[in-house]
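Got your viewer open? Let's take a walk through this one, stop by stop.

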Amino acid sequence: MTEKLSDTARKTVLEPLLESGWEMVEGRDAIAKTYQFKDFTEAFAWMTRAALWAEKWNHHPEWFNVYKTVQVTLSTQDVGGLSSLDAKLARKLDSL
C-alpha cells in the first residue's frame, strides 16, 4: 500500500526534484514541471515513452500538451497527496 510522504521523506525525496525544476503546486499536495521540446513530434514521442512507464507502474500523471510544451502534475489520489510513486515517476520523466 502506498502512503503519503512523511515530513522526513519529503525533505529527502522532494528536495532533489525541486532542485531539478519541479515545483510545489499551490493549494494542492502535488508537484508540477513544464517540459519544452523541439516540436510537437518530439513532445508526443516523450509523452508516449512516459505513458509506457506510467502504465507499467499503474501511476498516471495529469498532463497537458500544446504543440511542443508538456505540463505535468503529479499527486497520488489514493493517499490524497504526494507519495513515493510521484517521486519515482518524476525521476523517470526527467530521465526520458
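Here is a short tour of some strands, a pair of helices and two loop residues. Keep in mind that you are looking at a predicted model.

**Stop one: a hairpin**

Select residues 23–24, which are strand E1, and then residues 31–36, which are strand E2. The two strands run antiparallel, and two bridges join them. Click on Glu23 in E1: which residue in E2 is its bridge partner? That would be Ala32.

Now look at what links the strands. E1 and E2 make a hairpin, with six residues between them. In the turn, pick out Gly27, whose phi is positive, at about 80 degrees.

**Stop two: the two faces of E2**

Stay on E2 and show its side chains. Color Ile31, Lys33 and Tyr35 one way, since they make up the covered face. Give Ala32, Thr34 and Gln36 another color; they form the uncovered face.

E2 has another neighbor to visit, so add residues 69–74, strand E4. How many bridges pair E2 with E4? There are six, and the pairing is antiparallel. To see one spot along this pairing, find Ile31 and look for Leu74 of E4 opposite it.

**Stop three: two helices**

Hide the strands for a moment and select helix H2, residues 40–57, together with helix H3, residues 84–95. Two packed helices are described by the angle between their axes and the distance between those axes. For H2 and H3, the angle is about 150 degrees and the axes lie 10 Å apart. Angles over 145 degrees count as roughly antiparallel, and H2 and H3 are therefore roughly antiparallel to each other. Their crossing is right-handed.

Next, show the side chains where the helices touch. From H2, take Trp46, Ala50, Trp53 and Trp57; they meet Lys88, Leu89, Lys92 and Leu93 of H3. This contact is made of six nonpolar and two charged residues, with no polar ones.

**Stop four: two loop residues with positive phi**

Most residues other than glycine have a negative phi. Our last two selections go the other way.

Start with Asn58, in the loop between H2 and strand E3 (62–66). Phi of Asn58 is positive, near 50 degrees. Is Asn58 buried or exposed? Its relative accessibility is 60%, so Asn58 counts as exposed, the cut-off being over 50%.

Finish at Tyr67, in the loop between E3 and E4. Phi of Tyr67 is positive too, near 50 degrees.

Key: Residues numbered from 1 in each chain as written. Predicted model: local features only at pLDDT ≥ 70, side-chain atom pairs only at ≥ 80, totals over all residues. Heavy atoms only, no water. Buried < 20%, exposed > 50% of the residue type's maximum accessible area, 1.4 Å probe, protein only. Helix = DSSP H or I, 4+ residues; strand = E, 2+ residues; numbered from the N terminus. Pairing = 2+ DSSP bridges. Axes fitted to C-alpha atoms, helices over the stretch in contact; angles between N-to-C directions. Parallel < 35°, antiparallel > 145°, perpendicular 65-115°, else oblique. Left-handed = near helix turned anticlockwise from the far one by under 90°. Contact = heavy atoms within 4.5 Å. Nonpolar A, V, L, I, M, F, W, Y, C, P; charged D, E, K, R; others polar.
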